[in-house]
Amino acid sequence: EGVYLYDSTGKQYMDMTSQAVCTNMGYTLDESVKQAVMKQMSELPYAYPGLGMVEIRARLCSLLAEITPGDINGFLFPLGG
């Protein structure tokens, strides 16, 4: 539920462990997010950023360029930190 996990006794824990390998979106996702993830997983689950540009990353770069100030011509998407 949200960013929380529960043990067998019902005790609530905030999940602070997934940031190293993914973006923690919580456990209660909107249906539109689930559909977008499933669509992407069926097309290309993962592509190492150093191997080139994939469509979804290019679209994100275009959207970010539209909303960020200044003349930005590149974006870096690190996996952590």
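**Close-up views of Tyr27 and the second largest pocket**

**View 1. Tyr27 counts as partly exposed, at 40% relative accessibility.** The model is predicted. The value for Tyr27 falls between the 20% limit for buried and the 50% limit for exposed, so the residue takes the class in between. Tyr27 sits in the loop that runs between strand S2 (12-14) and helix H1 (31-43).

**View 2. Tyr27 and Val3 are brought together in the fold, with 5.9 Å between their C-alpha atoms.** Along the chain, the two residues are 24 residues apart. Tyr27 belongs to the loop between S2 and H1.

**View 3. Tyr27 shares a nonpolar surface patch with Leu5 and Tyr13.** Together, Leu5, Tyr13 and Tyr27 have about 280 Å² of accessible area. The Tyr27 contribution comes from a residue that is partly exposed.

**View 4. The second largest pocket holds about 170 Å³ of space.** Its lining consists of Ala36, Lys39, Gln40, Glu43, Leu44, Val54, Glu55, Ile56 and Arg59. By type, the lining has four nonpolar residues, one polar residue and four charged residues. Gln40 is the polar one, and the charged ones are Lys39, Glu43, Glu55 and Arg59.

**View 5. Two helices, H1 and H2 (55-67), each supply at least two residues to the lining of the second largest pocket.** H1 gives the most, with four residues. Ala36, Lys39, Gln40 and Glu43 are the lining residues that fall within helix H1 (31-43). Glu55, Ile56 and Arg59 fall within helix H2 (55-67).

How values were computed
Residues numbered from 1 in each chain as written. Predicted model: local features only at pLDDT ≥ 70, side-chain atom pairs only at ≥ 80, totals over all residues. Heavy atoms only, no water. Buried < 20%, exposed > 50% of the residue type's maximum accessible area, 1.4 Å probe, protein only. 1 Å grid on protein atoms, 1.4 Å probe; cavity = no way out; pocket = protein on both sides within 12 Å on 5 of 7 lines; lining within 4 Å. Points joined across faces, edges and corners; volume = space filled by probe spheres on them. Patch = residues over 30% accessible without salt bridge, like charges linked within 9 Å, V, L, I, M, F, W, Y side chains within 5 Å. Areas by Shrake-Rupley, 256 points an atom, 1.4 Å probe, with all protein chains shown as cover. Salt bridge = Lys/Arg side-chain N within 4 Å of Asp/Glu carboxyl O.
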